[in-house]
Amino acid sequence: MSLMLFAEKKLPPAAVAWLRRAFSAKQRLVLNGIAGSRWLCTLYYSFFSRAFRREQQAVAAGLALHHSRIDPNSMRTLLRRNIHRIEKGLLMRPRRERFALSYIVETVNCYLECSQVDNAADWSKDLAWAHDILENYFAVVKGEEQVERAHAIFLSVDQPFGEGPGGRIPYSRRDACPVTFDSFASLAKRRRTVRWFLQTEVPHVLIDKALEIAAESPTACNRQPFFYRFFDEPEALRRLRPLPLGTAGFGHNIPMICAVVGDLSAYYGERDRHGIYIDASLSIMSFMYALETLGLSSCPLNWADIESLEKRAENMLGLKMHERIIMFIGIGYPDPQGLVAFSQKKDLHSLRSFNQPKLNTD
Ligand SMILES: Cc1cc2nc3c(=O)[nH]c(=O)nc-3n(C[C@H](O)[C@H](O)[C@H](O)COP(=O)(O)O)c2cc1C
């Protein structure tokens, strides 16, 4: 447990406030000293601070798994990414005569391997999509040795999966958006973090409905590098409710807790390591809106990068090193008697600018 956490639990408020001020002064001094130098920062975070240690290990574990090409999950992510790249090639204007040459063999091999995993039926949507895109690709790109080789591998795979071939290829969209601005605005204004819930079970079928919407969110290269774990059994709730730090005072009344977990094995390089946070958060927002339309409400719960808590969560949820919690979410039917914070939002002037600042020309 970190010193501040320990202090908050054991010391009187005045002592905690004093400790906070002392900690903040020390941080100011040290960080002012190192912030201007990359080398000093590296030195500090290598030898004097453990703040990034666990994240670094998680990123390394994810990359190792990704490059080992033995993990079905990361293979599936690779398939999605490569199929996505081919999809983009197919919709380019003008479309190039030949594209994806450097990874088409890798893609069909990945497609072949994914089609042979034990639970391939669970992957039928991905495989059907991959099938249709590859079929489309081989119909338009021809005449290169690697393309012909890849085509032969593609034809050797038993297909179709799922609902039959065809249809999952780039399409033109001419219809107008069916949701009005006003309707969406009323949903956005209605959604607020709710902390008081009725002690009523949350139907799993509604969670699934909301997840169908969450799954529609954008993700970098369509990797979808996250998953949701829901808990509503009393013992699990008892242990999970106090785990995120921000549940003090109301955690006991949360009827369902969800952990959203990011999967760092989705990436081949460190540069993409933030993707799990961005992609998962975009999906969580859609999920929370969907819950609201179903009469349910939610409370996003902060997950700070604190090693002792990470270890406890990893243990409880059986997470692997490359799987990182993005956030927890409390879910339930809102208690109409419970107050909801007003939560003033930023005004437009502080939220945005147009063409400001002027960009440097060099
Ligand atoms: C990433 C994240 C973490 C949050 N953590 C907590 C938390 O630990 N406890 C809590 O009561 N609220 C938490 N919230 C809710 C915020 O306090 C709330 O979103 C904010 O005050 C704005 O209010 P609104 O959601 O009603 O618009 C969190 C929200 C986000 C997005």
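## Val260 and its contacts

Leaving aside residues up to four places away in sequence, Val260 touches Phe226, Tyr228, Ala280, Ile284, Ile326, Met327 and Ile329. Apart from the core around this residue lies another, of 21 residues. Ala100, Ile104, Ile133 and Ala150 are among the members of that other core.

The model is predicted.

## The largest nonpolar core

The largest nonpolar core has 38 residues. Within this core, Cys258, Val260, Ile326 and Ile329 touch the most other members. Six elements need naming here, since each gives two or more residues to the core: helix H4 (53-68), helix H10 (204-214), strand E2 (256-263), helix H12 (275-293), E3 and strand E4 (323-332). H12 provides the largest share, seven residues.

A general tendency fits here. In soluble globular proteins, nonpolar side chains tend to be buried together.

## Overall build

The protein has 14 helices and four strands. Its C-alpha trace spans about 75 × 55 × 50 Å along the principal axes. Of its 362 residues, 26% count as buried.

Contacts reach far along the chain. Among contacts with a separation of 6 or more, 82% join residues 24 or more positions apart.

## Around the ligand

Which residues surround the ligand? They are Arg192, Thr193, Arg195, Pro244, Gly246, Cys299, Pro300, Leu301, Asn302, Met327, Ala341 and Ser343. Met327 is also one of the residues that Val260 touches.

Strand E3 (residues 297-301) gives the largest share of this shell, three residues. By class, the shell holds six nonpolar, four polar and two charged residues.

## Helices H6 and H8

Two packed helices are described by the angle between their axes and the distance between the axes. For helix H6 (residues 104-115) and H8, the axes come within 9 Å and cross at roughly 10°. Angles under 35 degrees count as roughly parallel. H6 and H8 are therefore roughly parallel to each other.

On the H6 side, the contact is made by Ile104, Val105, Val108, Asn109, Tyr111 and Leu112. On the H8 side, Gln146, Val147, Arg149, Ala150, Ile153 and Phe154 meet them. Sorted by class, the contact has nine nonpolar, two polar and one charged residues. Ile104 and Ala150, which take part in this contact, also belong to the core of 21 residues.

## Arg149 and Thr42

Arg149 sits in helix H8 (residues 145-156). Is Arg149 buried, exposed or partly exposed? It is partly exposed, because 13 other C-beta atoms lie within 10 Å, whereas burial needs 20 or more. Arg149 and Gln27 are 122 residues apart in sequence. In space, their C-alpha atoms are 59 Å apart.

Thr42 belongs to helix H3 (residues 38-48). Thr42 counts as exposed because it has 11 C-beta neighbours inside 10 Å, and the limit for exposure is 12 or fewer. From Thr42 to Gln199 there are 157 residues in sequence and 49 Å in space, C-alpha to C-alpha.

## Backbone exceptions

Most residues other than glycine have a negative phi, and most peptide bonds are trans. Several sites depart from these habits.

Two peptide bonds are cis. One runs from Arg93 to Pro94, with omega near -5°. Pro94 is in the loop between helix H5 (72-91) and H6. The other runs from Gln356 to Pro357, also with omega near -5°. Pro357 lies in the segment after helix H14 (348-351).

Positive phi values appear at Cys221 and Gln224. For Cys221, phi is near 55°. For Gln224, phi is about 55°. Neither Cys221 nor Gln224 is a glycine. Cys221 lies in the loop between H10 and strand E1 (226-231). Gln224 is found in the loop between H10 and E1 as well.

Why does Cys221 count as buried? Because it has 20 C-beta neighbours inside 10 Å, and burial begins at 20 or more. Gln224 is buried too, because 21 other C-beta atoms lie within 10 Å of it.

Key: Residues are numbered from 1 along each chain as its sequence is written. This is a predicted model: local features need pLDDT of at least 70, side-chain atom pairs count only at pLDDT 80 or more; totals for chains, interfaces and linings use all residues. A residue is near a molecule or strand if its C-beta atom, placed from the backbone, lies within 6 Å of it. Ala, Val, Leu, Ile, Met, Phe, Trp, Tyr, Cys and Pro count as nonpolar, Asp, Glu, Lys and Arg as charged, and the others, Gly among them, as polar. A nonpolar core is a set of buried Ala, Val, Leu, Ile, Met, Phe, Trp, Tyr and Cys residues joined through C-beta atoms within 7 Å. Two residues are in contact if their C-beta atoms, placed from the backbone, lie within 7 Å. Axes are lines fitted to C-alpha atoms, for helices over the stretch in contact, and angles run from 0 to 180 degrees between N-to-C directions. Angles under 35 degrees count as roughly parallel, over 145 as roughly antiparallel, 65 to 115 as roughly perpendicular and the rest as oblique.
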